[in-house]
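Work through the exercises below with the sequence and the model at hand. Try each task before reading its solution.

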Amino acid sequence: MRHLRFSDFAGHRLLAAALLVITALTLAPRSSYADGEYSIQEIVDAGHGFFGEASGGLAKVIEKAFQQYGLPNGYILGQEGSGAFVAGLTYGEGGLYTKNAGQHDVFWQGPSLGIDYGGNGTRVMMLVYDLPSVDSLYARYGGVSGSAYVVAGLGMTAMKSRDVVLVPIRTGIGARLGVNVGYLKLTRQPTWNPF
C-alpha cells in the first residue's frame, strides 16, 4: 500500500487553484464596446428632447424596440427627406452618439421600391444595436418596412447589416402611405448617390 505524502496534495491544490482562476477570468464580465449601452430612460429622455411636442407615443415605441432588441450601444439623431411614387429615395444626416467613442457625423441615403406614394420630411432617431466600432456603422442596411405616416405620426422599422441592427423611429410632416423594400447606405460624407 502506497502512503500519500503532503506533496501529492499540494500539486492537486495548485492545479485546482489554477482551474478556479481560469474559470473566474472566463466567466467575469468583459470590458467591451457593449459596456456603453443606453438604458430605456436615457433613450426616452434623448428622444423627448429631440422630437419635442411630436413625441407623444415615443415612450411606447422605444419600449417595443427594447423588448425586441435589448439595450442599444448607440443612437443617431437626425433629419431626413424622402419621396416615392412606386420607387423612392431617402436622404438624411445626423449625429451618432455613443458612450465609449463620443459623437460622429453620419449621412444616409437609399432607394426603395414598392407600393409607396408621397413624400415627407422627418426627424429620425435610430437606435443602434451590437455596434462593435464606429467604423462598423458605415455600411448598407437592408430591411422591409410597412408604415402609415400621418401628420406628426410615429413609425418604427428595423434594418440590419452583418450583426449591427438599426431601428429607425421617425416622426415628421407630410403624408406617405405604403409598404416598401429598400436599404439605407450610411456614410461619413454626404453623397447624392443612393446606391
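**Exercise 1. A loop residue after strand E2**

Task: Decide whether Asp 130 is buried, partly exposed or exposed, and describe its backbone.

Solution. The model is a predicted one.
Step 1. Asp 130 has a relative accessible area of 53%. The cut-off for exposed is over 50%, so Asp 130 is exposed.
Step 2. Asp 130 sits in the loop that links strand E2 (102-129) to strand E3 (140-149).
Step 3. The phi angle of Asp 130 is near 60 degrees, which is positive although the residue is not glycine. Most residues other than glycine have a negative phi.

**Exercise 2. A second positive phi**

Task: Find the loop that holds Arg 162, then state the accessibility class of Arg 162 and its phi.

Solution.
Step 1. Strand E5 (159-161) comes before the loop with Arg 162, and strand E6 (164-187) follows it.
Step 2. Arg 162 has a relative accessibility of 59% and therefore counts as exposed.
Step 3. Phi of Arg 162 is near 55 degrees, again a positive value in a residue other than glycine.

**Exercise 3. The whole chain**

Task: Describe the order of helices and strands in the protein chain, and state what share of its residues is buried.

Solution.
Step 1. Count the elements: the protein chain has 3 helices and 6 strands.
Step 2. Put them in sequence order: the pattern is α-α-α-β-β-β-β-β-β.
Step 3. The protein chain has 195 residues, and 42% of them count as buried.
Step 4. The exposed area of the protein chain is about 11000 Å², with 62% of it supplied by carbon and sulfur atoms.
Step 5. Take the contacts with a separation of 6 or more: 70% of them join residues 24 or more positions apart.

**Exercise 4. Two helices in contact**

Task: Describe how helix H2 and helix H3 pack, and sort the residues of their contact by type.

Solution.
Step 1. Helix H2 covers residues 40-51 and helix H3 covers residues 58-69; their axes are 10 Å apart, at an angle of about 140 degrees.
Step 2. The crossing of H2 and H3 is right-handed.
Step 3. On the H2 side, the contact uses Ile 40, Ile 43, Val 44, Gly 47, His 48 and Phe 51. On the H3 side are Leu 58, Ala 59, Ile 62, Glu 63 and Phe 66.
Step 4. Sorted by type, the residues of this contact are 8 nonpolar, 2 polar and 1 charged.

**Exercise 5. The end of strand E1**

Task: Which backbone atoms does the side chain of Thr 98 reach, and is Thr 98 buried or exposed?

Solution.
Step 1. Thr 98 belongs to strand E1, which spans residues 74-98.
Step 2. The relative accessible area of Thr 98 is 8%. The cut-off for buried is under 20%, so Thr 98 is buried.
Step 3. A polar atom of the Thr 98 side chain lies 2.9 Å from the backbone nitrogen of Ala 101.
Step 4. The side chain of Thr 98 also reaches the backbone oxygen of Gly 102, at 3.0 Å.

**Exercise 6. Far in sequence, separated by a few ångströms**

Task: For Ala 87, Thr 90 and Leu 154, name a distant partner in sequence and give the C-alpha separation.

Solution.
Step 1. Ala 87 lies in strand E1 and is partly exposed at 46% relative accessible area. Its partner is Ser 112, 25 residues away along the chain, with the C-alpha atoms 5.6 Å apart.
Step 2. Thr 90 is also found in strand E1, but Thr 90 is buried, at 10% relative accessibility. Thr 90 and Pro 111 are 21 residues apart in sequence, and 6.4 Å separates their C-alpha atoms.
Step 3. Leu 154 is in strand E4, residues 153-156. At 26% relative accessibility, Leu 154 is partly exposed.
Step 4. The C-alpha atoms of Leu 154 and Leu 58 are 7.5 Å apart, with these positions 96 residues apart in sequence numbering. Beyond four places away in sequence, Leu 154 touches Gly 57, Leu 58, Val 61, Ile 169, Arg 170 and Thr 171.

Key:
Residues are numbered from 1 along each chain as its sequence is written. This is a predicted model: local features need pLDDT of at least 70, side-chain atom pairs count only at pLDDT 80 or more; totals for chains, interfaces and linings use all residues. Side-chain values use heavy atoms; hydrogens and water are left out. Helices (H or I, at least four residues) and strands (E, at least two) are DSSP runs, numbered from the N terminus. Buried means under 20% relative accessible area, exposed over 50%, partly exposed in between (1.4 Å probe, protein chains only). A polar contact is a pair of N or O atoms within 3.5 Å; within protein, one must be able to donate a hydrogen and the other to accept it, and residues adjacent in sequence count only if both atoms are side-chain atoms. Contact means heavy atoms within 4.5 Å. Accessible areas come from the Shrake-Rupley method with a 1.4 Å probe; for residues, only the protein chains shown count as cover. Axes are lines fitted to C-alpha atoms, for helices over the stretch in contact, and angles run from 0 to 180 degrees between N-to-C directions. A crossing is left-handed if the near helix is turned anticlockwise from the far one by less than a right angle, and right-handed if clockwise. Ala, Val, Leu, Ile, Met, Phe, Trp, Tyr, Cys and Pro count as nonpolar, Asp, Glu, Lys and Arg as charged, and the others, Gly among them, as polar.
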